[in-house]
Amino acid sequence: MIEKLLIICVFVGIIHMIETLAYSVRLAGLKTRKLVVALSLFNIIVIVSRTANMVQAPLTGKLGDAVQSKEDLPVLLHQLQTILLAASIGTIAGALLIPSFVSIFSRMILHLEVAGSVPKMMKNIASIHTLEKAKKHVKRPRWIMLSQLRIGGVPKRLLLLNLMATTIYTVGVLSTLYASTLEPTLSKSILMSSGLINGLAMITLAVFVDPQVAILTEKVMKGESTKQSMNKMVGTLVISRLCGTICAQILLVPAALYIAWICKLIP
């Protein structure tokens, strides 16, 4: 069981690391002045996240299947809390990798433009010489970056919405799994509600968060705003995302109880 939990944690960490790096894709696009190419190329990396999610989902479900009685609930709760911790660690890892990611990803964008297709680009950059040159683009995070991350200039409403969406998305599936073990007779209806919960998080991101980030990106592209303002927004969004994964720890049990209560009300 420990090995299975470790595998789940690794996959969850990868998922949240990639989703954190997604904030910095626009920085690479601004750096190369090829924003559309950057967004398109990042979809290749997103495939890794989607694959990791497909693998870890049934493994996480197995943790719930192992609960045979109420005495097993504390063990399951500890496992779910460990998975949420992995989400926070993955977010921190993604934040630390942002400087290197922007530099390396910018080079990948330029390689794609020369190669003309992703397969050719992968063939070109797979050489030992190219990989050795990539070491030059690895950058250490500096404390000065944190000192520049003041909320001033970044809408507090945007940060709050991003925090809420991250919290819901992070805790949604795990809380429904825990709720299904609290109310075994309603397990099917509870598990089916996870799609609705995650849907709310996705709608929040798509309607309220992403458009504002896109508007600021366009302003920077047109010279109406500075790159520093974009760096600040990305940094504060990453911090709010990390806070969201921490809030998920606090809301795991209350959310499970609320979901179970709602499903009881459904006739």
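The axes of two helices are lines fitted to C-alpha atoms over the stretch in contact, and the angle between them runs from 0 to 180 degrees between N-to-C directions. Two packed helices are described by the angle between their axes and the distance between the axes. The legends below apply this description to a predicted model.

**Figure 1. Overview of the predicted model and its helices.** The protein contains 11 helices and 0 strands. Its pattern along the sequence accordingly reads α-α-α-α-α-α-α-α-α-α-α. Of its 267 residues, 40% count as buried. Among contacts with a separation of 6 or more, 83% join residues that are 24 or more positions apart.

**Figure 2. Confidence along the predicted chain.** The mean pLDDT of the protein is 82, and 88% of the residues reach 70 or more. Confidence is highest in helix 1, at a mean of 90, and lowest in helix 7 (residues 143–147), at a mean of 54. Where pLDDT is low, the predicted coordinates should not be read in detail.

**Figure 3. The packing of helix 1 against helix 4.** Helix 1 spans residues 2–21 and helix 4 spans residues 73–115. Their axes lie 7 Å apart and meet at an angle of about 40 degrees. Helix 1 and helix 4 are therefore oblique to each other, an angle from 35 up to 65 degrees being neither roughly parallel nor roughly perpendicular. The crossing of helix 1 past helix 4 is right-handed. In this contact, 14 residues are nonpolar and 8 are polar, while no charged residues take part.

**Figure 4. Close-up of L97 in helix 4.** Is L97 buried or exposed? With a relative accessibility of 38%, L97 counts as partly exposed, because this value falls between the limits of 20% and 50%. Apart from neighbours within four places in sequence, L97 is in contact with M17 and L21. L97 and S24 are 73 residues apart along the chain, and their C-alpha atoms are separated by 9.9 Å.

**Figure 5. The packing of helix 4 against helix 8.** Helix 8 comprises residues 156–182. The axes of helix 4 and helix 8 are 11 Å apart, at an angle of about 175 degrees. The two helices are therefore roughly antiparallel to each other, since an angle over 145 degrees is placed in that group. Which residues of the two helices meet? On the side of helix 4 they are L73, L76, L77, L80, I83, L84 and A87, and on the side of helix 8 they are T170, L174, L177, Y178, T181 and L182. By class, this contact has 11 nonpolar and 2 polar residues, with no charged residues.

**Figure 6. Close-up of L163 in helix 8.** L163 has a relative accessibility of 21% and therefore counts as partly exposed. Neighbours within four places in sequence aside, its contacts are S240, C243, G244 and C247. L163 and L242 are 79 residues apart in sequence, and their C-alpha atoms are 8.0 Å apart in space.

**Figure 7. Close-up of T167 in helix 8.** T167 counts as buried, because its relative accessibility is 6% and the limit for this class is under 20%. Not counting residues up to four places away in sequence, T167 touches G244, C247, A248 and L251. G244 and C247 are also among the contacts of L163.

Methods: Residues numbered from 1 in each chain as written. Predicted model: local features only at pLDDT ≥ 70, side-chain atom pairs only at ≥ 80, totals over all residues. Heavy atoms only, no water. Helix = DSSP H or I, 4+ residues; strand = E, 2+ residues; numbered from the N terminus. Parallel < 35°, antiparallel > 145°, perpendicular 65-115°, else oblique. Left-handed = near helix turned anticlockwise from the far one by under 90°. Nonpolar A, V, L, I, M, F, W, Y, C, P; charged D, E, K, R; others polar. pLDDT = per-residue confidence, 0-100. Buried < 20%, exposed > 50% of the residue type's maximum accessible area, 1.4 Å probe, protein only. Contact = heavy atoms within 4.5 Å.
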